[in-house]
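Here is a short set of exercises to work through with the model open in your viewer. Try each task before you read its solution.

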Amino acid sequence: MQGNFKYHNPTKLYFGEESLKYLKDELENFGERVLLNYGSGSVKRNGIYDEVVAILREGGKTLIENPGVMSNPTLEKLHEGVRIARENKVDWILALGGGSVCDYSKGVAASVFFDGDYWQEFWLDGNQPAKEQQVLPVGCILTMAGTGSEMNGGCVITDAAKSFKTGHVFDSRLMPKFAILNPRYTMTVPIEQMKAGIYDIMNHIFEQYFSDFDDNTSDYISEGLMRSLIVASREAVKDPQNYEARSNIMWTATWALNTLIKCGKSEDWMVHMIGHSLGAWTHAPHGYCLAACSMAYYRRAMEYGRPKFERFARNVWGVNTAEEGLEALKNWMLEIGLPLTITEIGATPEMIDDIVSTTVIFPAGYLDLKPGDIKQILKESL
Ligand code: NZQ
Ligand code: ZN
């Protein structure tokens, strides 16, 4: 293992079809006034909202509701949430939804007690809340698998006015105190969102796997997660109501980005950086943005990281060469119906310069990219 690291993940998980029953016990750990954040209506249509609200009311909580957290939450919505939380003096936040609602809740939780421009401080300057600054506790009831937000400190916000999407990884104070994961909840997720979530999971693993050449336990764990995801995704696409497949996808999503598989790794988040910029300009689902630029990116990375790509070919796909490994990845993406070009997600050649200009670039993995390289990757992805 390379480097020195601390491993500490404070999120308590409840998993399975009966996991919501533990919400009642958790309520004892938090104050009376809860800010309930949720999205644009799915939780009302599928009945999860009613179940959760009944438990909160029975537990004597006062609910302050903040609906309408959109997919890829905006800075404007963040301001609204902070205002609501301040005006109502909430004690804690419950996120009910997918990664967007969970991310957003952390953003509000971090900002409520920050006296100043929290967007500049946390997202643009990348600082953590000061030790003496209070943050609100966040709980999460997850309804969609993909981001890993239920067990990490990530919080991605879009400044829609500037078409700029950027994330901040908060320290462990902002990681959910608990997360309830019921795979049944994910069964009403639209099929396109399910596929986007599946590729998001795969790409989180890639971002932590395709770096370094040492023999590292983290990479073996990653390979196991990838293999499980490949099997489960094929089943879920054939039969979205397959509980075994959906539960494996949900559990894989959590472990793909909950701080475990990055241990001892240098990491490479550039597909995500390009994907975030694509998302800000096209508004396509996050996982689709990643899929659409991945093949061009990994063809380039393979030239510099060949031994790792050969290992990927052998240990994940059971083929021999690096090229065959990427071909197997492409075929899997085609098989489950993911976009392989940025044209499919609505990007045009005219948008490329703008997308490049809002892509955050840093040296990562096997590549040290310049804006011209990002432009070339995007052109090859058309
Ligand atoms: O808004 P509602 O009506 O709830 O509909 C949502 C939304 O339209 C719907 N949905 C969720 N659960 C459902 C459901 N529909 C029916 N039944 C259910 N059970 O699905 C749509 C997408 O939801 P969203 O939360 O936006 O998806 P996802 O979980 O993929 O989250 C995407 C956001 O997370 C960020 C992304 O950038 C994006 O902003 N990320 C967060 C990360 C992190 N915290 O570490 C890392 C990721 O790389 C990612 O960047
Ligand atoms: Zn992602």
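A residue counts as a donor to the metal if it offers an N, O or S atom within 2.8 Å of it. Keep in mind throughout that this is a predicted model.

**Exercise 1. Find which residues coordinate the zinc ion (ligand 2), and work out how they are spaced in sequence.**

Solution. Start at the metal and look for atoms inside the cut-off. Four residues turn up: Asp 200 through OD, and His 204, His 272 and His 286, each through NE2. Their distances run from 1.9 to 2.1 Å.

Next, read the donors off along the chain. The pattern is D-x3-H-x67-H-x13-H. His 272 sits in helix α10 (residues 270-282) and His 286 in helix α11 (residues 286-304), so this pair ties together parts that are 14 residues apart in sequence.

Last step: check the exposure of those two. His 272 and His 286 are both buried.

**Exercise 2. Where do Ser 163 and Thr 259 lie, and what is phi for Ser 163 and for Thr 259?**

Solution. First recall the background: most residues other than glycine have a negative phi.

Now take Ser 163. Its phi is near 45°, a positive value in a residue other than glycine. You'll find Ser 163 in the loop between β6 (154-159) and β7 (164-169). With a relative accessible area of 14%, Ser 163 is buried.

Then do Thr 259. Here phi is near 80°, again positive in a residue other than glycine. Thr 259 belongs to the loop between α9 (243-256) and α10. Its relative accessibility is 21%, which makes Thr 259 partly exposed.

**Exercise 3. Count the salt bridges, then trace which parts of the chain are linked by Arg 184 and Glu 17, by Glu 223 and Arg 311, and by Arg 300 and Asp 373.**

Solution. The count comes to 16 salt bridges.

Go to the Arg 184 and Glu 17 pair, whose side chains meet at 2.5 Å, N to O. Arg 184 is in the loop between β8 (178-181) and α7 (191-209), and Glu 17 is in the loop between β1 (12-15) and α1 (23-27), so the pair ties together parts 167 residues apart in sequence. As for exposure, Arg 184 is partly exposed at 37% relative accessibility, and Glu 17 is partly exposed at 42%.

Move on to Glu 223 and Arg 311, which form a salt bridge at 2.6 Å, N to O. This one links helix α8 (residues 217-238), home of Glu 223, to helix α12 (residues 306-317), home of Arg 311; the two residues are 88 apart. Both Glu 223 and Arg 311 are buried.

Now try Arg 300 and Asp 373, bridged at 3.1 Å, N to O. Arg 300 is in helix α11 and Asp 373 in helix α15 (residues 371-380), so parts 73 residues apart in sequence are tied together. Arg 300 comes out as partly exposed, at 22% relative accessibility.

To finish, look for shared partners: Asp 219, Lys 265 and Lys 308 are joined into one network of salt bridges.

**Exercise 4. Which residues form a nonpolar patch on the surface with about 320 Å² of accessible area together?**

Solution. The members are Met 1, Phe 5 and Tyr 7. Pick Phe 5 and place it: Phe 5 falls in the segment before β1. Then check its exposure: at 45% relative accessibility, Phe 5 counts as partly exposed.

Terms used. Residues numbered from 1 in each chain as written. Chains lettered and ligands numbered in written order. Predicted model: local features only at pLDDT ≥ 70, side-chain atom pairs only at ≥ 80, totals over all residues. Heavy atoms only, no water. Donors = N, O, S within 2.8 Å, 3.2 Å for Na, K, Ca; no water. Helix = DSSP H or I, 4+ residues; strand = E, 2+ residues; numbered from the N terminus. Buried < 20%, exposed > 50% of the residue type's maximum accessible area, 1.4 Å probe, protein only. Salt bridge = Lys/Arg side-chain N within 4 Å of Asp/Glu carboxyl O. Patch = residues over 30% accessible without salt bridge, like charges linked within 9 Å, V, L, I, M, F, W, Y side chains within 5 Å. Areas by Shrake-Rupley, 256 points an atom, 1.4 Å probe, with all protein chains shown as cover.
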